[in-house]
Amino acid sequence: MKERGYFGDFGGMYVPETLVPALEELEKAFVKYRKDKQFRKELNDLLEKYAGRPTPVTFAENLSRMAGCKIYFKREDLAHTGAHKINNALGQALLAKRMGKKRIVAETGAGQHGTAVAIACAKLGIECDVYMGEVDIERQKPNVMRMELAGARVIPVSSGSKTLKDAINECLRDWTTNVRTTHYLLGSVLGPHPYPSMVAFFQEVIGKEARKQILEEAGELPRAVIACVGGGSNAIGIFKAFMNDNVELIGVEAGGKGIKSGKHAARFSDRKTGRVGVLHGTKTFVLQDKFGQIMNTHSVSAGLDYSAVGPEHSMLRKKGRALYTYATDKEALNSFRLVSRVEGIIPALESAHAVAFALKYARKCSKEDVLLINMSGRGDKDLEYISRFAGKKT
């Protein structure tokens, strides 16, 4: 990582001057407290005694039999609030409290990040407002109820595509107005420096646990580690621990209705519209039209429905250290149902994208090969939406 948060050619701090002091204050606090023994102890206690870490690695015996290789899940779906998002939410909320901030604002798509932030703020006694696109509010009602139950105010966003991109826009506007008292708790490895590095730091716990656990469970490192990629925090979180190993790292984007349809969120996979650009304060791969305007996205999963990707992922792709591919809505829905029926684990639609590609990848594997899939969240939040999406009960 270069100075000022560059990952090779990607990253940076592309923001209005009014936000630079707030970002510099945040960077200074992060650098200080990430090494502070008391801060680390308090965060570790919250992760272990409140969030339920470590989460286990589970052998998917029935799915493995069908796939013809050994498939394991890193079970972030078992963390408190049902996804990996709680790791970063607790870390940043604790940091904000140390900084003396009285209020936190956050964006959310699938509602998992918003729920995690609302829960973290309730635990630490901080006021919380969550911006959420109207489209996402409609398809993620259970998480809206959970956020409100925890005392957060959910603010609907009706601009643009009414999804995650637009919720981030509103958060940035709010933060610009209230920087002295408010911390913006960004949920992924996105945005201006120091957010990509900071969120990755709080999510590294996934990979640290997973590497140790897979060696204990399988007796060897996996052939590949596979994770879905929206902004990319769950993927970076698990990839980090395997960077120096002879292990394939595979990120799976939202292929939506297919790349040729134009209705997707595949920033890397669509070479026609996925190009280097700047969105929400960072230089990375962004879906844009021929005039450079940000394109709307589509995915059956709200958490992958975003126009850009974290800058560290752009670097990993350029260096060839990680492969990025996609799974379509149909493939994700099929995997959602399959894993639920053969393993008794209901995956988040986001995680189902990773499973969908893993099953295709398994065709070239031997029965002794080990695949590790990051089960980034559970799918309880998606049940009502899927029932309406399919026109029948799941």
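A crossing of two helices is called left-handed if the near helix is turned anticlockwise from the far one by less than a right angle. With that term in hand, welcome to a set of close-ups of a predicted model.

**View 1. Helices α1 and α9 pack against each other in a left-handed crossing.** Helix α1 covers residues 20-33, and its axis runs 11 Å from that of α9, at an angle of about 35 degrees. On the α1 side, the contact is made by L23, L26 and F30. Facing them from α9 are Y195, S197, M198 and F201. Sorted by class, this contact has six nonpolar residues, one polar residue and no charged ones.

**View 2. The largest pocket of the model has a volume of about 280 Å³.** Lining this pocket are 14 residues, and the closest to its centre are R40, N44, L47, V205 and K208. Two elements, α2 (37-49) and α9 (195-218), give two or more residues each to the lining. Helix α9, already met in the first view, gives the most to this pocket, with six residues. What is the chemical make-up of the lining of the largest pocket? Its residues divide into six nonpolar, two polar and six charged. Since domain 1 (4-46 + 84-193) and domain 2 (51-80 + 203-389) both give residues to this lining, the pocket lies between them.

**View 3. The largest cavity has a volume of about 350 Å³.** Across the whole structure, a search finds three cavities of 30 Å³ or more. The largest cavity is lined by 33 residues, of which H84, K85, A110, G303 and E350 are the closest to its centre. At least two lining residues come from each of β5 (103-108), α5 (112-124), α8, α10 (233-239) and α13 (349-361). By class, the lining holds 10 nonpolar, 18 polar and five charged residues. Which domains contribute to the lining of the largest cavity? Domain 1 (4-46 + 84-193) and domain 2 (51-80 + 203-389) each supply at least three residues.

**View 4. The second largest cavity holds about 60 Å³ of space.** Among the residues that line this cavity are I168, L172, W175, Y184 and L186. L190, G191, P192, Y195, H280 and Y306 line the cavity too. Y195 is a link back to the first view, where this residue takes part in the contact between α1 and α9. The most lining residues come from α8, which gives three. How many charged residues does the lining of the second largest cavity have? There are no charged residues here, but nine nonpolar and two polar ones.

**View 5. Two cis peptide bonds come before prolines P54 and P194.** Most peptide bonds are trans. The bond from R53 to P54, however, is cis, with omega near 0 degrees. P54 is found in the loop between α2 and β3 (57-59). The bond that joins H193 and P194 is also cis, with omega about 15 degrees. Where does P194 sit? Its place is in the loop between β8 (182-184) and α9.

**View 6. K162 has a positive phi although it is not a glycine.** Most residues other than glycine have a negative phi. For K162, the value is about 60 degrees. The loop to look for, if you want to find K162, is the one between β7 (153-157) and α8 (164-177). Helix α8 also appeared in the fourth view, with three residues in the lining of the second largest cavity.

Terms used:
Residues are numbered from 1 along each chain as its sequence is written. This is a predicted model: local features need pLDDT of at least 70, side-chain atom pairs count only at pLDDT 80 or more; totals for chains, interfaces and linings use all residues. Side-chain values use heavy atoms; hydrogens and water are left out. On a 1 Å grid over the protein atoms alone, a cavity is a set of points where a 1.4 Å probe fits but cannot get out, and a pocket is an open set with protein on both sides within 12 Å along at least five of seven lines; lining residues have an atom within 4 Å of a point. Grid points are joined across faces, edges and corners, and a volume is the space filled by probe spheres set on the points. Helices (H or I, at least four residues) and strands (E, at least two) are DSSP runs, numbered from the N terminus. Ala, Val, Leu, Ile, Met, Phe, Trp, Tyr, Cys and Pro count as nonpolar, Asp, Glu, Lys and Arg as charged, and the others, Gly among them, as polar. Domain bounds come from an automatic or database domain assignment. Axes are lines fitted to C-alpha atoms, for helices over the stretch in contact, and angles run from 0 to 180 degrees between N-to-C directions. Contact means heavy atoms within 4.5 Å.
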